[in-house]
Amino acid sequence: MLLTDLPFTSTTTAHPDLEGRLNPTACQHLRTWLRYLSCGRLIENEIRGRLRREFNTTLPRYEVLAQLEQFPQGIKMSDLSRHMMVTNGNITGIADQLLKEGLVQRIKLPNDRRSSILKLTKKGLQQLLAISAAHNEWVCDVFGKLSDEHLQGMMASLDELKKHSIDFVQSSY
């Protein structure tokens, strides 16, 4: 008997999702959580691919540049990591790459030699503006298919979820 003689049905779907593993009786909370993650991952993975193909960059690098635009005078790297909800080590690695390419500058603080301020350069701002235009278009392609009413409802639901998420995180301290 050959492997090709065995009956086989593919278990993959055209569009992967995390809900597929659930028992039909799974609670609505878990089903909603997995739907939320599936949508986010589908969109994020596509954006990651487009950033790589069209701009030879990564989503974390773009996010650092976008955050730095909000702080024209620069921001301490530790504060940047807190804003982005990542570790200092993540920021340091990305900052080192961006520094080599001339997209950011790192300024040592005279009163604290362990701390640095990260600041966007003109070259970094030019690259950010080009990437942001495409990024905004991609996001609008997805969310533009939803009505204003749906978007407002999603925003209201996400606002509520964010409040509960903050409470959930703070309750673990």
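Within helix α1 of this predicted model, E44 and R48 sit 4 residues apart, so about one helical turn separates them. The two side chains form a salt bridge, in which the closest N and O atoms are 2.5 Å apart. Neither partner has to be sought in the interior: E44 is partly exposed, as its relative accessibility is 31%, and R48 is likewise partly exposed, with a relative accessible area of 28%.

A second pair in helix α1 follows a similar spacing. R50 and E46 are also 4 residues apart, and therefore about one helical turn lies between them. Salt bridges with shared partners bring R53 in as well, joining E46, R50 and R53 into one network. In the salt bridge between R50 and E46, the closest N and O atoms are 2.8 Å apart. R50 counts as partly exposed because its relative accessible area is 25%, and E46 falls in the partly exposed class too, at 37% relative accessibility.

Altogether, the structure holds 8 salt bridges. One of them reaches beyond a single helix: E19 belongs to the segment before α1 and R35 to helix α1, so this pair ties together parts that are 16 residues apart in sequence. For E19 and R35, the closest N and O atoms of the salt bridge are 2.5 Å apart. Here the two partners differ in their surroundings. E19 is buried, since its relative accessible area is 11% and the buried class covers values under 20%. R35, by contrast, is partly exposed, at 47% relative accessibility. As a general point, side chains of opposite charge can pair when their charged atoms come close.

The strands offer another view of the fold. An open sheet is formed by 3 strands, arranged in the order β1-β3-β2 with antiparallel pairing. Its edges are β1, covering residues 75–76, and β2, covering residues 104–109, each of which pairs on one side only. Strand β3 spans residues 112–120 and pairs with β2 in the antiparallel sense over 6 bridges. The connection between β2 and β3 is a hairpin made through 2 residues. Two of the residue pairings can be picked out along β2: R106 has L118 as its bridge partner in β3, while V104 is matched with L120 in β3.

On the other side of the sheet order, β1 and β3 run antiparallel and are joined by 2 bridges. The bridge partner of I75 in β3 is L118, the residue that also serves as the bridge partner of R106. A useful place to look in strand β3 is S116. At 7% relative accessibility, S116 is buried. Setting aside neighbours within four places in sequence, S116 makes contact with I75, K76 and M77, and also with R106, I107 and K108. Of these contacts, I75 and K76 fall in the edge strand β1, whereas R106, I107 and K108 fall in the edge strand β2. Helix α4, made up of residues 88–100, lies across β2 and β3 and runs at about 120 degrees to β2.

Attention now turns to the surface. A nonpolar patch is formed there by L30, W33, Y36, V142, F143, L146, M154, M155, L158 and L161, which together have about 850 Å² of accessible area. Three helices each supply at least two residues of this patch, namely α1 (28–55), α5 (122–143) and α6 (148–170). The helix that gives the most is α6, with 4 residues. F143, one of the patch members, has its place in helix α5. The relative accessibility of F143 is 31%, and therefore F143 counts as partly exposed. Helix α1 thus appears twice in this description, as a contributor to the nonpolar patch and as the helix that holds the E44 and R48 pair.

Notes: Residues numbered from 1 in each chain as written. Predicted model: local features only at pLDDT ≥ 70, side-chain atom pairs only at ≥ 80, totals over all residues. Heavy atoms only, no water. Pairing = 2+ DSSP bridges. Contact = heavy atoms within 4.5 Å. Axes fitted to C-alpha atoms, helices over the stretch in contact; angles between N-to-C directions. Patch = residues over 30% accessible without salt bridge, like charges linked within 9 Å, V, L, I, M, F, W, Y side chains within 5 Å. Areas by Shrake-Rupley, 256 points an atom, 1.4 Å probe, with all protein chains shown as cover. Salt bridge = Lys/Arg side-chain N within 4 Å of Asp/Glu carboxyl O. Buried < 20%, exposed > 50% of the residue type's maximum accessible area, 1.4 Å probe, protein only.
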